[in-house]
Amino acid sequence: MPASDRTELARHALEQVCSGSDASAAVGVYSPDFHDHVNAREYHGHAGIRQSLGAYQLVFSDGDLRIRVEDQVSEGDRVASRWVAEGHNRGRAIRIWGIVISRIADGEIVEDWAASDNLHLIRQLGPWRTVLLGLAWLRSSRLKRLVLGKLRLLSIGRRPPGRHVEQDP
């Protein structure tokens, strides 16, 4: 794959896939075996992309996230992209920057190493919005665990402890 195609793929991934909330847009751009290293977190596969996109949607809660690639350098199978993300959280304008190094194989991104300025994000949000963001993240994480746990119990034919269903005589 020529270097120009790799840089365009990395740009498309950031500006089109990561700017949105539709994880299905990742198909054909990111490998099903994708491994994402974002700050202190790691995500795997398309399910991980869905989680990562969800985190960005929590931060930019007004639904107007835009990511713009400012600069790119390509060497071998890797593309380094410097980006800026802009949008709003509860009416307040938010702007953060980051850098991602994407490894590309067989026309798809197979691994990313990303870092962004989260301290600046917290400063922009202020204490109240930061607390609200943390609570929203906890709620979404707990809800996912609760739903997955119940689905797991239903799939093996067990009821959650403490829940009893009355039988008709």
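This section describes the sheet, the first helix and the salt bridges of a predicted model.

The strands are arranged in an open sheet of six, ordered E2-E1-E6-E5-E4-E3, and the pairing is mixed. The edges are taken by strand E2 (41-44) and strand E3 (66-75); each has a single partner strand, so one side of each is left without a neighbour in the sheet. On average, and with direction ignored, neighbouring strands are turned by 20° against each other. Strands of a sheet pair through backbone hydrogen bonds, in either a parallel or an antiparallel manner.

Both kinds of pairing occur at strand E1 (residues 30-38), which runs antiparallel to E2 and parallel to E6. Four bridges join E1 to E2, and five bridges join E1 to E6. Within the antiparallel pair, His35 stands opposite His44 of E2, while His37 faces Glu42 of E2. On the parallel side, Val38 has Ala114 of E6 as its bridge partner. The hairpin formed by E1 and E2 has two residues between the strands, and Asn39 in this hairpin adopts a positive phi near 50°.

Helix H1 (residues 3-18) lies across E1, E3, strand E4 (78-89), strand E5 (92-105) and strand E6 (108-116). With respect to E3, the helix runs at about 160°. H1 comprises 16 residues and spans 21 Å from its first C-alpha to its last, a value close to the 22 Å expected at 1.5 Å a residue. A bend of about 25° is found in H1 at His12.

The buried residues of H1 are Arg6, Thr7, Leu9, Ala10, Ala13, Leu14, Val17 and Cys18. The elements that cover these buried residues include helix H2 (45-59) together with E1, E3, E4, E5 and E6. Strands E1, E3, E4, E5 and E6 are thus named both among the strands that H1 lies across and among the elements covering its buried residues.

Eight salt bridges are counted in the model. One of them lies within H1, where the side chains of Arg11 and Glu15 meet with an N to O distance of 3.4 Å. These two residues are four positions apart in the helix, which means that about one helical turn separates them. Neither partner is buried: Arg11 counts as partly exposed because its relative accessibility is 24%, and Glu15 is likewise partly exposed, with a relative accessible area of 23%.

Further salt bridges involve strands at and beside one edge of the sheet. Glu86 pairs with Arg66, the closest N and O atoms being 4.0 Å apart. This pair links distant parts of the chain, as Glu86 belongs to strand E4 and Arg66 to strand E3, with their positions 20 residues apart in numbering. Arg66 has a relative accessibility of 44% and therefore counts as partly exposed.

A salt bridge also forms between the side chains of Glu70 and Arg68, at 2.5 Å from N to O. Both of these residues are partly exposed, Glu70 at 35% relative accessibility and Arg68 with a relative accessible area of 34%. Through shared partners, salt bridges join Arg66, Arg68, Glu70, Glu86 and Arg95 into one network.

Notes. Residues are numbered from 1 along each chain as its sequence is written. This is a predicted model: local features need pLDDT of at least 70, side-chain atom pairs count only at pLDDT 80 or more; totals for chains, interfaces and linings use all residues. Side-chain values use heavy atoms; hydrogens and water are left out. Two strands pair if DSSP finds at least two bridges between them. Axes are lines fitted to C-alpha atoms, for helices over the stretch in contact, and angles run from 0 to 180 degrees between N-to-C directions. Contact means heavy atoms within 4.5 Å. Buried means under 20% relative accessible area, exposed over 50%, partly exposed in between (1.4 Å probe, protein chains only). The expected span of a helix is 1.5 Å times one less than its number of residues. The bend at a residue is the angle between axes fitted to the seven residues ending there and the seven starting there.
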